[in-house]
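Good morning, colleagues. I would ask you to bring up the sequence and the structure, and I shall then take you through the parts I consider worth discussing.

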Amino acid sequence: MSAQREMKEKNPWQTPVMIIITVIGVIAIVALVTVAVLQNRPLLQKYKYGIVLDAGSSHTALYIYEWPAEKDNNTGRVEQTHSCKVKGPGISSYASAPLEAGESLRACMQEAEKLVPGKRHHETPLYLGATAGMRLLNIENSSASDKVFQAVGDALQKFPFSYQGARILSGQEEGAFGWVTVNYLDDRLKQGLETTGALDLGGASTQISFVSNNYDGSESPRNSVTFRLYGNDYNLYTHSFLCYGKDQALKMTLAQMAKEGPATVFDPCFHPGYTATKNYSILYDGPCVSDRKPQAALATFTHTGKGNFLQCQEAVKSVFNFTYCKYSRCSFNGVFQPLLQGPFGAFSAYYFVMNFLNLTDTSIPLETVKDSLKRYCATPWNQIMLLHPDVKLKYLAEYCFSGTYILTLLTEGYNFTSKSYSDIKFIKKIKSSDAGWTLGYMLNLTNMIPAENPDSPPLPHVGYVSILSVIAVLLFILFILFILSLRPLWPRCSKQPQIV
Ligand SMILES: Nc1nc2c(ncn2[C@@H]2O[C@H](COP(=O)(O)OP(=O)(O)OP(=O)(O)O)[C@@H](O)[C@H]2O)c(=O)[nH]1
């Protein structure tokens, strides 16, 4: 009995006070950690949406973007969740039937109505931005372009979204927002990393945008766009060449070849064996080519392929002006361009064409790329059709021209060399989002990229909870040690006989 008593005296855990203290301590720790976890648990994700219609010269595309609702306006990542290609041509082709321009958007808009949750419809901004096709129509016939916008606006307002208007983007905006998209998606802006230049090839215009250490905007200020994003200042060089998208460049090249108005145009940019009858009136319509119209032309001409890459390159070069430059350096047509500074992302038609030609790998030497294109252009048209039975004939017929145009634009136009060619990456998407101006446009209009880097909690959620738990346990141990250190002062409750 006395041994048991002695043990009890030596082991304070067996005293009722200590048992109560321990239970209370454990309950307190569990309560503390539970409250911390519940309080800091990430909330159930809710999303917000934005819709942008890219009304291009060749077609219109609709993009739906999504981002976490509680991170609106600072750290949230915006992602493209859906895209829809509008059937038919670009809205500028509806100049003589504007109502059809509005009507053409209906199927994609109905898709968007189903995909964006109903309770978010009214707060979802809807933008339409038109690019070079409408720029050209506006130059040619501004009242026709107004009517197209009116019809498109009327059609879009019938949908339950928050319609924010339809407008023509300037070439500078198109270039700059393409650059923002690429660098935002690559996480380069938030982290303040070296940026990627953007090369965009559309149907009617083409844009080049990049940051160069040699450009502060003082030379040719119209090419300068400044941004303050996440606390970093950017001075961007950007230029948009109207008429140098691949469809208008094809028209200009052909118009140049046909300037004498012959009955047959022998074209080195089309495959041998290719032949089609075309209207001179169509060849010369639009502001990019109307001034090249021959005095007296026949109604039609026979377009005959010759399949010769080198001659095609010469023909393409003839639509660039390399002789005039009032700046320290120029790309072409007297336009200032600072020294190239890579890397570059090349998207839209750059990607469609180089991907079809199997030439997206820029580690392949430029000379090898040219040799490959030389062989492709020389391949007879009937063989090409047999090799690619599923490709639209219009696209298929033009890949030799398009590939030659891309290489000429990059090397002769923008001055990429055999070495700097490898700085280019042909891209379609970055993560789940298409490269293009639309995302940058929406981020800008919804103020989604702050000028300053938003404050973020110093610790992630898990780290915070772990540290809190460790501190709680340490405090508890200290408390126990403190109680134990007071042991000599505890009232003795032994049953030893009292000496009176
Ligand atoms: N091969 C191929 N070409 C395409 C495809 N989609 C578009 N294109 C062509 O690529 C070129 C550029 O297309 P987009 O980037 O949509 O250009 P856009 O917005 O119509 O033109 P801009 O108004 O000048 O910006 C056009 O000549 C289109 O006809 C595709 O899926 N495959």
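The UniProt record, an unreviewed entry, places the feature "binding site" at Gly-203, Ala-204, Ser-205, Thr-206 and Gln-207. Please bear in mind throughout that we are looking at a predicted model. I shall take two of these annotated positions in turn.

Ala-204 sits in the loop that joins strand 6 and strand 7. Is this residue buried or exposed? Ala-204 counts as buried, because 28 C-beta neighbours lie inside 10 Å, and the cut-off for that class is 20 or more. Setting aside residues up to four places away in sequence, the contacts of Ala-204 include Ser-57, Ala-132, Gly-133 and Leu-136. Cys-243, Gly-245, Asp-247 and Gln-248 are also touched by Ala-204.

Gln-207, by contrast, belongs to strand 7. Gln-207 is likewise buried, since 28 other C-beta atoms are found within 10 Å. Beyond its neighbours within four places in sequence, Gln-207 is in contact with Gly-171, Glu-174, Gly-175 and Gly-178, as well as with Asp-200, Thr-238 and Ser-240.

Let me turn to the ligand. How many residues surround the ligand? There are 20, and the closest are Gly-56, Ser-58, Thr-131, Gly-202 and Ser-348. Two or more residues of this shell come from each of helix 5 (132–140), helix 8 (246–257) and helix 11 (349–356). Helix 11 contributes the most, with three residues. Sorted by class, the shell comprises twelve polar, six nonpolar and two charged residues.

Next, the sheet to which strand 7 belongs. Six strands form this open sheet, in the order 8-9-7-6-13-14, with mixed pairing. Strand 8 (224–229) and strand 14 (424–426) are the edge strands; each has a single partner strand, so one side of each is left without a neighbour in the sheet. On average, and ignoring direction, neighbouring strands here are turned by 20° against each other. Strand 13, residues 344–348, pairs with strand 14 in the parallel sense over three bridges. Within this pair, Gly-345 has Lys-425 of strand 14 as its bridge partner.

Two helices deserve mention against this sheet. Helix 7, residues 171–185, packs on it and touches strand 6 (197–201), strand 7 (205–211), strand 8, strand 9 (232–242) and strand 13. The direction of helix 7 makes about 130° with that of strand 9. Helix 11 lies across strand 6, strand 13 and strand 14, and runs at about 85° to strand 13.

Which residues of helix 11 are buried? They are Ala-349, Tyr-350, Tyr-351, Val-353 and Met-354. These buried residues pack against strand 6, strand 13 and strand 14, and also against helix 8 and helix 14 (393–413). Just after helix 11, Asn-358 adopts a positive phi of about 65°.

Finally, a three-stranded sheet. This open sheet has the order 10-12-11, again with mixed pairing. Strand 10 (264–267) and strand 11 (275–279) stand at its edges with a single partner strand each, so each has one side without a neighbour in the sheet. The average turn between neighbouring strands, direction ignored, is 25°. Strand 11 pairs with strand 12, residues 300–305, in the antiparallel sense over five bridges. There, Thr-277 has Thr-302 of strand 12 as its bridge partner.

Thank you for your attention.

Definitions and conventions
Residues are numbered from 1 along each chain as its sequence is written. This is a predicted model: local features need pLDDT of at least 70, side-chain atom pairs count only at pLDDT 80 or more; totals for chains, interfaces and linings use all residues. A residue is near a molecule or strand if its C-beta atom, placed from the backbone, lies within 6 Å of it. Helices (H or I, at least four residues) and strands (E, at least two) are DSSP runs, numbered from the N terminus. Ala, Val, Leu, Ile, Met, Phe, Trp, Tyr, Cys and Pro count as nonpolar, Asp, Glu, Lys and Arg as charged, and the others, Gly among them, as polar. Two strands pair if DSSP finds at least two bridges between them. Axes are lines fitted to C-alpha atoms, for helices over the stretch in contact, and angles run from 0 to 180 degrees between N-to-C directions. Two residues are in contact if their C-beta atoms, placed from the backbone, lie within 7 Å. A residue is buried if 20 or more other C-beta atoms lie within 10 Å of its own, exposed if 12 or fewer, and partly exposed in between; C-beta atoms are placed from the backbone. UniProt positions are given in the numbering used here, feature names are shortened, and annotations may be inferred rather than shown by experiment.
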